Amino acid sequence: MSNRDETIFRIRYYHEDSIHEIYAKSLAQESIYGFLELEDIIFDENSGVVVDPNEERLKQEFQDVICTYIPMQNVIRIDEVKKQGVAKIKNLPKGSQSNVIRPFPSNMPNRTKSPE
């Protein structure tokens with residue numbers, strides 16, 4: 001798409017009773033099996049008068065985070081975008097299936113056995 005130095009990813013994932021949407025410059029899945037690794041989380045730094053409390057909450061949550069790991073089963077969608085948007089938290093309706101425990105992927109390769 002574009003120069004990889006300028007790549008921005010929008011990640012939507014379930015977190016407790018809400019859907020979080022954040023932006024990051026780097027993502028991978030090779031560090032810990034079953035987790036999406038996000039680095040360089042970015043927020044809108046426009047010096048506007050209007051402050052979105054949800055974005056402020058996310059900024060505070062990720063303030064000192066260098067890298068975060070999100071379980072793959074919580075990820076809804078990942079998009080490579082041209083420009084960064086505003087980080088969001090969308091609360092899900094009460095009684096929705098968001099807080100149901102999602103199963104961990106069961107097709108993990110057995111890496112302890114040596115080939116015969």
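This is a short walk through a predicted model, stopping at paired strands and salt bridges.

Start by selecting strand 1, residues 8-15, together with strand 5, residues 75-81. The two run antiparallel and are joined by 6 bridges. Click on Phe 9 and look across to strand 5: the residue opposite is Glu 80.

Now add strand 2, residues 18-28. Strand 2 pairs with strand 1, again in the antiparallel sense, over 7 bridges. Keep Phe 9 highlighted, as its bridge partner in strand 2 is Ala 24. Then follow the chain round the hairpin, where 2 residues sit between strand 1 and strand 2; Glu 16 there takes a positive phi near 55 degrees.

Next, turn on the side chains and go hunting for salt bridges; the whole structure has 4. Select Arg 10 and Asp 79, whose side chains meet at 2.9 Å, N to O. Arg 10 belongs to strand 1 and Asp 79 to strand 5, so this contact ties together parts 69 residues apart in sequence.

Stay on Asp 79 and add Arg 77: another salt bridge, 2.8 Å from N to O. How exposed are these two? Asp 79 counts as buried because its relative accessibility is 12%, while Arg 77, at 45%, counts as partly exposed. With shared partners, Arg 10, Arg 77 and Asp 79 form one network.

Last stop: helix 1, residues 53-61. Pick Glu 56 and Lys 59, which sit 3 residues apart, or about one helical turn. They form a salt bridge with the closest N and O atoms 3.5 Å apart. Glu 56 is partly exposed at 35% relative accessibility, and Lys 59 is partly exposed at 22%.

Key. Residues numbered from 1 in each chain as written. Predicted model: local features only at pLDDT ≥ 70, side-chain atom pairs only at ≥ 80, totals over all residues. Heavy atoms only, no water. Pairing = 2+ DSSP bridges. Helix = DSSP H or I, 4+ residues; strand = E, 2+ residues; numbered from the N terminus. Buried < 20%, exposed > 50% of the residue type's maximum accessible area, 1.4 Å probe, protein only.
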